[in-house]
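The following paragraphs guide the reader through the strands, helices and core of the model displayed here. Please keep the sequence and the structure in view while reading.

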Amino acid sequence: MIARSSGLLCHITSLPSAHGIGDLGPEAYRFVDFLAESGQKVWQVLPLRPTGYGDSPYQCVSSFAGNPMLVSLEKLVEDGFLEAQDIADPPDFPASKVDFGRVIDYKGARLQRAFERFIERVEDEETRRFSSFCEFNSHWLEDYALYRAIKENRQSKAWTEWEEDLVRRRAEALDNARAEYADRIEFHKFCQHLFRRQWDDLKGYCYGRGVQVMGDIPIFVAHDSADVWANQDLFQLDRHGRPTEVAGVPPDYFSATGQLWGNPLYRWDVMEERGFAWWMDRLRSEFSLVDIVRLDHFRGFEAFWAVPADQETAIVGEWRPGPRDAFFAKVRQELGDAPIVAENLGVITPEVEGLRERFGLPGMAILQFAFGTDMKASDFQPHRYTRNLVVYTGTHDNDTVQGWWSGGVGASTRDESQAEKEKDFARRYLNIRDESEVHWDYIRAVLSSVADLAVIPVQDLLGLGSEARMNTPGQGRGNWTWRFRRRDLGSSIRRRLARLSRLYER
């Protein structure tokens with residue numbers, strides 16, 4: 001399904017930019033150039049959807065919309081939506097992290113200015129493109145824009161705290177809200193038009209440079225989202241719209257108390273009765289943006305961990321059956337042999353692997369997990385890899401290789417003695433001679449393996465420590481902020497990566 005190749009994992013927000021957050025502008029195109037010139041054929045990104053509380057791309061307010069904070073202000077100037085003076089004096093944003101609060105205020109004001117200029121236009125090609133976009137995407141765009149407009153006029157309160165008529169989506173209340181907030185509804189639609197216009201341009205550039213984009217679909221959606229508000233009968237909610245049980249995973253490598261995600265659980269029986277239509281639309285939407293989809297928490301399709309909604313940790317819960325073969329048979333019927341990667345990490349049973357294998361989906365292996373003492377560790381050792389596999393030095397949920405190596409324990413359930421044993425095994429297995437270059441030993445190991453696709457987080461390519469970690473599971477704040485600077489990806493790194501990629505026929 002995936003030809004032998006390699007790529008880099010870097011979310012859009014981590015790109016350099018003068019405007020506080022990586023975006024779809026000039027630096028994204030430079031990054032594509034770097035990928036092509038270093039022999040990389042895949043750019044893996046995190047979910048591209050609009051984030052909510054906590055700024056996590058895995059807790060989005062829509063499974064169909066794009067994140068308007070990724071819209072490039074430079075491109076808006078190029079396309080005549082803004083003037084150069086509108087972006088000439090940005091705040092003094094930090095260069096190595098995203099200050100989400102300040103970015104949202106700054107970019108939101110400029111998106112509003114672009115919208116005001118747009119509505120002053122007479123009918124032209126751009127207004128016709130906007131109308132076509134709205135019509136084609138109305139099945140999700142109408143609810144999304146209305147949700148955003150209502151929410152911002154209620155001090156960002158969750159939809160369960162709105163008036164009962166709006167919570168229950170009674171027709172008269174929705175019609176009144178559409179009339180009252182018509183301008184803001186149009187603004188949010190316009191932001192989606194801008195995102196899609198800029199993404200399509202960037203995606204076309206990737207195609208021209210021989211780079212495929214791998215996207216990411218979280219299995220669950222945020223409770224406070226347009227998805228749940230507009231499709232309440234598809235989720236396990238009480239009569240007030242609140243979850244009765246929530247998603248998470250039991251205690252694991254990352255946390256002794258498990259991970260309590262808090263997402264509402266699906267009513268899979270109702271979804272199956274309707275031919276999994278909502279999910280099929282979601283997958284089609286993602287494949288309209290990217291070439292390959294990483295399906296997050298694949299094991300939840302076989303069985304998911306259900307936690308009572310009143311629990312404070314994920315220790316108490318039980319496994320419930322997921323949609324299993326019926327779901328993936330429908331995917332195959334609707335989408336054919338779509339290139340889907342199964343994120344099969346965590347508590348993986350023979351039943352989970354059987355489901356993946358029956359549908360021929362490549363799984364994942366993480367080299368950073370290869371040197372533990374548990375039985376699962378051996379599956380992550382390169383000499384055991386198979387071809388139908390995507391391998392990583394680490395993922396966005398891991399510490400960086402250098403951070404893991406230097407810090408010992410990090411954010412995991414290992415003690416210092418166990419960590420030292422793992423590193424001693426890694427020294428012998430990878431023939432590590434210079435520990436300041438341990439990240440290159442890890443890179444060489446995944447590139448030289450038989451796995452069809454090898455992916456390297458940019459932080460590992462740069463040899464950065466724990467300060468560059470993207471996410472610490474179970475930690476509610478301080479995640480998702482890391483950014484690199486343009487000078488970090490220099491010519492020496494590009495040449496070294498290109499040599500290894502050629503050597504191992506990536």
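In this predicted model, eight strands form an open sheet with parallel pairing, in the order β9-β6-β3-β2-β1-β12-β11-β10. Its edge strands are β9, residues 340-342, and β10, residues 363-366, each of which pairs on one side only. On average, and with direction ignored, neighbouring strands of this sheet are turned by 25 degrees against each other.

The end of the sheet that carries β10 can be followed strand by strand. β10 and β11 run parallel and are joined by four bridges; in this pairing, I366 stands opposite Y392 in β11. Strand β11, residues 389-392, also pairs with strand β12, residues 453-457, again in the parallel sense, over three bridges. Two positions of β11 illustrate this second pairing: V390 has L453 of β12 as its bridge partner, and V391 stands opposite A454 in β12. The side chains of β11 may be considered next. L389 and V391 point one way from the strand, V390 and Y392 point the other way, and all of these residues are buried.

A second sheet is built differently with respect to strand direction. In general, strands of a sheet pair through backbone hydrogen bonds, and the pairing may be either parallel or antiparallel. Here four strands form an open sheet in the order β5-β4-β7-β8, and the pairing is antiparallel. The edges are occupied by β5, residues 259-264, and β8, residues 318-321; each has a single partner strand, so one side of each is left without a neighbour in the sheet. Neighbouring strands of this sheet are turned by 50 degrees against each other on average, direction ignored.

Within this sheet, strand β4, residues 245-249, is mostly covered, with five of its five residues buried. β4 runs antiparallel to β5, and three bridges join the two strands; among the residues involved, V246 has P264 in β5 as its bridge partner. β4 also pairs with β7 in the antiparallel sense, over four bridges, and G248 stands opposite W305 in β7. Strand β7, residues 303-308, in turn pairs with β8, likewise in the antiparallel sense and over four bridges. In that pairing, A303 stands opposite P321 in β8.

The helices offer a further point of orientation. Two packed helices are described by the angle between their axes and the distance between the axes. For helix α4, residues 125-136, and helix α5, residues 138-152, the axes come within 6 Å and cross at roughly 95 degrees. An angle of 65 to 115 degrees counts as roughly perpendicular, and α4 and α5 are therefore roughly perpendicular to each other. The contact brings F133, C134, E135 and F136 of α4 against S138, H139, W140 and L141 of α5. By character, the residues of this contact divide into five nonpolar, two polar and one charged.

Finally, attention turns to the nonpolar interior. In soluble globular proteins, nonpolar side chains tend to be buried together. The largest nonpolar core of this model contains 158 residues, and of these W43 and W279 touch the most other members. Helix α8, residues 182-208, gives the most to this core, contributing nine residues.

Notes. Residues are numbered from 1 along each chain as its sequence is written. This is a predicted model: local features need pLDDT of at least 70, side-chain atom pairs count only at pLDDT 80 or more; totals for chains, interfaces and linings use all residues. Side-chain values use heavy atoms; hydrogens and water are left out. Axes are lines fitted to C-alpha atoms, for helices over the stretch in contact, and angles run from 0 to 180 degrees between N-to-C directions. Angles under 35 degrees count as roughly parallel, over 145 as roughly antiparallel, 65 to 115 as roughly perpendicular and the rest as oblique. Contact means heavy atoms within 4.5 Å. Ala, Val, Leu, Ile, Met, Phe, Trp, Tyr, Cys and Pro count as nonpolar, Asp, Glu, Lys and Arg as charged, and the others, Gly among them, as polar. Two strands pair if DSSP finds at least two bridges between them. A nonpolar core is a set of buried Ala, Val, Leu, Ile, Met, Phe, Trp, Tyr and Cys residues joined through side-chain atoms within 4.5 Å. Buried means under 20% relative accessible area, exposed over 50%, partly exposed in between (1.4 Å probe, protein chains only).
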